[in-house]
Amino acid sequence: MTLTEPTLAPPMAPSTVDMAQIFAAHAERAARIEALRPGNKDRLFDGLTAAGITHVTVTFDGAGDSGQIESIGAWSGENAVDFPATEIAYAALTWDDPQVEMRQLSLEDVVEQLAYDFLSDTHGGWENNDGAWGEFCFDASARCIHLEFNERFTSSELHTHDF
């Protein structure tokens, strides 16, 4: 009989990744982005009001790991109107630079960006699995954003019987 050495690989060395540091950096970045939102919303509502737009509706739909904004509509009272070519300043952070970047975006692009941001913040993964759909209303006169969110899910019920 011959002795053989075990063929299992030795255990992996402990990770040198500091997860606490990663989570702290993510939380700091999220807080910085959140701090930019009030100014972005104020500039958007000022721009919508100056353009005579009373409210904007944004519909979205997603499922199966894919989701998108379906439509963005501008309204003046009960009448649909076109977005003007107006651009406003939008404060953003990029992934590779800690400095705030001021971008010039159209009113419609700012609405779209904020809608995606709020979906991500409030219902991260809304586009996954069975997905979700809904509508935002950006109310320029009340200076607020309302979200109606509908989540899809698959349900299963177990019934057991003893006879």
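**Helix α1 in the predicted model, residues 19–50**. At 1.5 Å a residue, the 32 residues of α1 should span 46 Å, and the end C-alpha atoms lie 47 Å apart, which agrees. At the N-terminal end, D18 acts as a cap, with a side-chain oxygen 3.2 Å from the backbone nitrogen of A20. After the helix comes G52, which has a positive phi near 80 degrees.

**Bend of α1 at R37**. The helix bends by about 30 degrees at R37, and the proline P38 follows within four residues. R37 is among the buried residues of α1. Its charged end sits over the ring of F118, 5.1 Å from the ring centre.

**Buried residues of α1 and their packing partners**. The buried residues are R29, L36, R37, N40, L44, F45, G47 and L48. They pack against the strands β1 (55–63), β4 (87–94), β5 (97–106), β6 (132–139) and β7 (144–151), and against helix α2 (107–122).

**Surroundings of T94 in strand β4**. T94 counts as buried because its relative accessibility is 19%, the cut-off being under 20%. Leaving aside residues up to four places away in sequence, T94 touches R29, E101 and R103. Of these contacts, R29 is also listed among the buried residues of α1.

**Aromatic pair F60 and F136**. The structure holds 4 aromatic pairs. In the pair F60 and F136, the ring centres are 5.9 Å apart and the planes stand at 50 degrees, so the pair is tilted. The pair links distant parts of the chain, F60 in strand β1 and F136 in strand β6, 76 residues apart. Both residues are buried. F60 and F136 form one aromatic cluster with W126, F138 and F149.

Key. Residues numbered from 1 in each chain as written. Predicted model: local features only at pLDDT ≥ 70, side-chain atom pairs only at ≥ 80, totals over all residues. Heavy atoms only, no water. Helix = DSSP H or I, 4+ residues; strand = E, 2+ residues; numbered from the N terminus. Expected span 1.5 Å × (residues − 1). Bend = angle between axes of the 7 residues up to and from the residue. Buried < 20%, exposed > 50% of the residue type's maximum accessible area, 1.4 Å probe, protein only. Contact = heavy atoms within 4.5 Å. Polar contact = N/O pair within 3.5 Å; in protein donor to acceptor, adjacent residues only side chain to side chain. Phe/Tyr/Trp six-rings, centres within 6.5 Å; stacked < 30°, edge-to-face > 60°. Lys NZ or Arg CZ within 6 Å of the ring centre and 35° of its normal.
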